[in-house]
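Reader: Could you take me through one part of this model at close range? I would like to see how the protein meets the nucleic acid, told as one connected story.

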Amino acid sequence: MIKFFPVTYKKLYNYFGPQRWWPAKTPFEVMVGAILTQNTSWQNVEKAIKNLKKHKLLSPGKLNKLKNNSLALRIKPAGYYNVKAKRLKNFIDFLFKEFGADIGKMRLAEPLDLRKKLIAVNGIGQETADSILLYALNKPVFVVDAYTRRILCRHGKAKKDAAYEEIQGLFVKNLRNNAKLFNEYHALLVRLGKEFCFKNDPQCKECPLK
DNA sequence: CACCAGGCAAGTA
DNA sequence: TACTTGCATGGT
């Protein structure tokens, strides 16, 4: 990422320090969170996850047996709860059918092949699939989200309607193919976006990097 | 009150 | 392919 993009990993890391993503205790919790956080603040997702834990529902087996509307009730704070209940169940179905709900077995899958299969699940798009691959399974896949896109656009490095793969390719081509690096870099971009790169303010705040 | 948040799918032309 | 709309809570 030398010279392509001024918001380098090094600058971000030196300024913000390690972000220690994903904020979850188990890979399965990461996967559930990845679906719940679609277009939703993490704060709201935390409430939903906490509810699931409180009712001892945070496992593939328990969620599999739960009815959609019961699940919707538990994840209500995360918003879009009816859609997300279906999406979670679709994902759980996939986990059972493809891997017998064994995350260890899932981890053995070839990443790009698994990515295609995840995206084929209704409710899982590119970002959610990549978040699962990177943050739950530790695969070197770069995650592109709204902040990543916005920061690149503001620096004139991408058009605002650029395809996902196009944005992703910019990072992949310019970085070592390393899961730890991808993990921290994306988390740092989100951190920067949250604090300094606002949607309604094209000027942003004064960027602390440079 | 308005706006936003770690998207995605389905419908339309 | 390229728009548009529905989904929904909670924080600022």
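Author: Happy to, and let's start with a single contact in what is a predicted model. A polar side-chain atom of Arg150 lies 2.9 Å from a phosphate oxygen of DNA strand B. Helix H10 (146-154) is one of the elements that give two or more residues to the surface near this strand, and helix H9 (126-136) is the other.

Two further contacts are worth a look. At Gly125 a polar backbone atom is involved, with a phosphate oxygen of DNA strand B 3.0 Å away. For Glu127, an N or O atom of the side chain is 3.5 Å from a sugar or linking oxygen of DNA strand B.

Now let's widen the view to the whole surface. DNA strand B is surrounded by 25 residues, and the closest are Trp22, Asn122, Gly123, Thr128 and Tyr147. By class, the residues of this surface comprise 11 polar, 8 nonpolar and 6 charged.

What part of the strand do they face? Of the atoms of DNA strand B within 4 Å of the protein, 70% belong to sugar or phosphate, and the rest belong to bases. The three contacts described above involve a phosphate oxygen for Arg150, a phosphate oxygen for Gly125, and a sugar or linking oxygen for Glu127. So if you have the structure open, Arg150 is a good place to begin, with its polar side-chain atom 2.9 Å from a phosphate oxygen of DNA strand B.

Technical notes:
Residues numbered from 1 in each chain as written. Chains lettered and ligands numbered in written order. Predicted model: local features only at pLDDT ≥ 70, side-chain atom pairs only at ≥ 80, totals over all residues. Heavy atoms only, no water. Near = heavy atom within 4 Å. Polar contact = N/O pair within 3.5 Å; in protein donor to acceptor, adjacent residues only side chain to side chain. Helix = DSSP H or I, 4+ residues; strand = E, 2+ residues; numbered from the N terminus. Nonpolar A, V, L, I, M, F, W, Y, C, P; charged D, E, K, R; others polar.
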